[in-house]
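Let's take a short walk through this structure together. Have the sequence and the 3D view ready, and follow along at your own pace.

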Amino acid sequence: MIAKNPYRVLGLPITASDKDIAKRTSDLSIYAEMGKSKKFDHDLTGILTLKRTTENIENATRQLEQPDDKLLHSLFWFSFDNEDQYLKDLKEDNLIETMHSIPKDDVLALHNKALLALLVKNDKEIIAEGMRYFEELLNHEDLHKFITQVLGESYTKHVDIDDLFIESFLNEIKNTYSTKEIITLFQNTSRKEYVVKKLSQPYIYKLEEEIELTRSKIDNTPEDAYKSGKKLLRASHDIVRKLEEILDENHMGLISLKNKLAEQILGCSIAYFNKNYNSENDDIGNNSIELAEYARSLAQNNMLKDRI
């Protein structure tokens with residue numbers, strides 16, 4: 001996200017023009033072909049390692065060909081010029097002090113301030129502070145100036161920069177922080193609900209898919225509804241636990257999903273019993289009751305529980 005950012009690989013600020021990018025690519029490629037790696041004042045090698053090769057130079061250039069990609073990568077690299085001494089001198093032991101010293105009176109400076117928080121390792125409070133700075137950036141009255149500085153005056157297409165930032169950030173940290181920790185990072189921002197929605201949607205879709213698949217199976221083969229019900233319970237167990245981590249227990253979406261799941265499990269119980277009750281198999285009743293009890297444990301409202 002930051003360490004392999006294409007702007008960083010090319011040694012350029014996010015305000016670099018297409019012409020700047022083309023020239024820098026050419027210059028760095030010549031160095032790389034000679035087995036050399038050029039260094040720049042703002043490489044941040046006091047914090048992050050960097051080795052420029054022909055391959056990653058070419059890859060960086062490709063990543064900056066399209067405007068939407070440029071904007072995405074600009075969110076995770078710095079704007080700077082020769083006057084920005086604080087980036088030249090940046091080290092791990094002065095990251096927080098430097099971050100707090102940057103004023104918020106300019107949209108590009110505010111963006112740099114937010115980014116520095118993401119460079120602080122193993123400090124969730126500072127990263128959460130960075131999320132609040134990013135929120136200020138995304139709400140800033142001059143946000144359009146940030147976009148213009150990156151893409152130029154001629155770019156007029158509407159871009160959902162919120163979604164660009166959050167999608168990329170969540171994808172980067174999903175293997176580093178637990179779901180609860182990720183939500184905590186956004187705790188004091190107005191983007192918390194948006195993040196919760198982003199985190200929960202894949203699990204909601206998956207659970208609804210499993211419920212619909214089971215409904216289709218028992219319509220076609222009701223005699224196997226016990227197996228279908230048990231399979232749905234196994235498939236839904238981890239999904240429900242994950243949703244419970246993301247959503248508050250009183251969240252209407254979670255309550256509704258649990259009720260849908262309970263209704264489908266109950267449907268399996270009823271279909272199985274109705275199809276097989278004349279069978280000589282003594283387990284028919286017990287199996288039906290087993291599914292009904294599972295359904296009752298999932299049910300979130302008294303009306304559904306009373307049905308069971």
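Before we start, one definition will help: a salt bridge is a side-chain nitrogen of Lys or Arg within 4 Å of a carboxyl oxygen of Asp or Glu. Keep in mind, too, that what you see is a predicted model.

Begin with Arg8, which you will find in helix H1, residues 6–10. Which side chain of opposite charge is nearest to Arg8? That is Asp43, 5.9 Å away. Because a salt bridge has to fall within 4 Å, Arg8 has none, although Arg8 is buried. What the side chain of Arg8 does reach is the backbone oxygen of Thr49, at 3.1 Å. Leaving aside residues up to four places away in sequence, Arg8 touches a varied set of neighbours, including Ile2, Ala3, Leu48, Arg52 and Trp77.

Leu44 is also among the residues that Arg8 touches, and it makes a good next stop. Look for Leu44 in the loop that runs between helix H2 (18–33) and helix H3 (54–63). Its phi is near 60°, a positive value in a residue that is not glycine. Is Leu44 buried or exposed? With a relative accessible area of 4%, Leu44 is buried, because buried means under 20%.

Now move along the chain to Asn122, in the loop between helix H7 (107–119) and helix H8 (124–139). Asn122 is another non-glycine residue with a positive phi, here near 55°. Its surroundings tell another story: Asn122 counts as exposed because its relative accessibility is 78%, and exposed means over 50%.

Conventions
Residues are numbered from 1 along each chain as its sequence is written. This is a predicted model: local features need pLDDT of at least 70, side-chain atom pairs count only at pLDDT 80 or more; totals for chains, interfaces and linings use all residues. Side-chain values use heavy atoms; hydrogens and water are left out. Helices (H or I, at least four residues) and strands (E, at least two) are DSSP runs, numbered from the N terminus. Buried means under 20% relative accessible area, exposed over 50%, partly exposed in between (1.4 Å probe, protein chains only). Lys and Arg count as positive and Asp and Glu as negative; His and the chain ends are not counted. A polar contact is a pair of N or O atoms within 3.5 Å; within protein, one must be able to donate a hydrogen and the other to accept it, and residues adjacent in sequence count only if both atoms are side-chain atoms. Contact means heavy atoms within 4.5 Å.
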